[in-house]
Amino acid sequence: MPSKGKSQGNTVSSVRALAEPIAQELGLSIWDVRYEKEGGLWYLRIFIDKPEGVGIDDCERMSRAINDPLDELDPIEGSYCLEVSSPGINRELSRPEHFEAYLDYAVVIRLIRPDENGDREIAGILKSYEDGKITICDEEGNNPRTVAKKETASVRLLEELTEVDE
């Protein structure tokens, strides 16, 4: 349950504000922070990144560095599991800066509801993100398609565009 009457969004914002300077001191950046329930357990997930990629040592250093400040801030009432990890190769794009950083990269968009063709997933090259709208096109730069971010379940990077059938 979110802490002290705070919403999950406030919990995430508080943890992100706490984590960013700690990550910066360690030569890392915060990719994302999530507070999610899975089964009967709550998880606080902090995704870290750096240009040359994140290793297990980076995750361990960040976990150790944030543990005491998290206890002091006490943003979450009740028990939870802290996980620190890399966002991975097929990382999820969720914030405006994520989309800006990965323009011209292959992505797969998972829709909340099937589109007019009955598709739940569409893949393409990320061309823009403006006003909450994601535009992708095919590898040749043709057939642009725009989807509202609010209509997506997730947007992830793809190693190759051929991984998802359109």
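In the predicted model, cysteine 59 is buried, with a relative accessible area of 10%, whereas cysteine 81 is partly exposed, its relative accessible area being 30%. A search of the whole structure returns zero disulfides, and neither of these two residues takes part in such a bond: cysteine 59 is in no disulfide, the nearest cysteine sulfur being that of cysteine 81 at 16 Å, and for cysteine 81, likewise in no disulfide, the nearest cysteine sulfur is that of cysteine 59. Because a disulfide requires a pair of cysteine sulfur atoms within 2.5 Å, the 16 Å that separates the sulfur of cysteine 59 from that of cysteine 81 does not satisfy the criterion.

The fold that holds these residues is made up of three helices and eight strands, which follow one another along the sequence in the pattern α-β-β-α-β-α-β-β-β-β-β. Along the principal axes, the C-alpha atoms occupy a box of roughly 50 × 35 × 30 Å. Among contacts between residues at least 6 apart in sequence, 54% join residues that are at least 24 apart.

With regard to the interior, 39% of the 166 residues of the protein count as buried. The largest nonpolar core comprises 18 residues, of which Ile30, Leu44, Ile46, Ile48, Met62 and Ile66 touch the most other members. Two or more residues are contributed to this core by each of helix H1 (8–25), strand E1 (29–38), strand E2 (41–49) and helix H2 (56–73). A second core, separate from the largest one, consists of 16 residues, including Phe47, Ile122, Val155 and Leu157.

The surroundings of isoleucine 30 can be described in greater detail. When residues up to four places away in sequence are left aside, isoleucine 30 touches Arg16, Ala19, Glu20, Ala23, Ile46, Phe47, Ile48 and Met62. Among these partners, Ile46, Ile48 and Met62 are, together with Ile30, included in the group of residues that touch the most other members of the largest core, while Phe47 belongs to the second core.

At the surface, the accessible area of the protein comes to about 9,600 Å², and 45% of this area belongs to carbon and sulfur atoms. The charged side chains number 20 positive and 35 negative, and the centres of the two sets lie 6 Å apart.

Terms used. Residues numbered from 1 in each chain as written. Predicted model: local features only at pLDDT ≥ 70, side-chain atom pairs only at ≥ 80, totals over all residues. Heavy atoms only, no water. Helix = DSSP H or I, 4+ residues; strand = E, 2+ residues; numbered from the N terminus. Buried < 20%, exposed > 50% of the residue type's maximum accessible area, 1.4 Å probe, protein only. Contact = heavy atoms within 4.5 Å. Areas by Shrake-Rupley, 256 points an atom, 1.4 Å probe, with all protein chains shown as cover. Lys, Arg positive; Asp, Glu negative; His and termini not counted. Charge placed at Lys NZ, Arg CZ, Asp CG, Glu CD. Core = buried A, V, L, I, M, F, W, Y, C linked by side-chain atoms within 4.5 Å.
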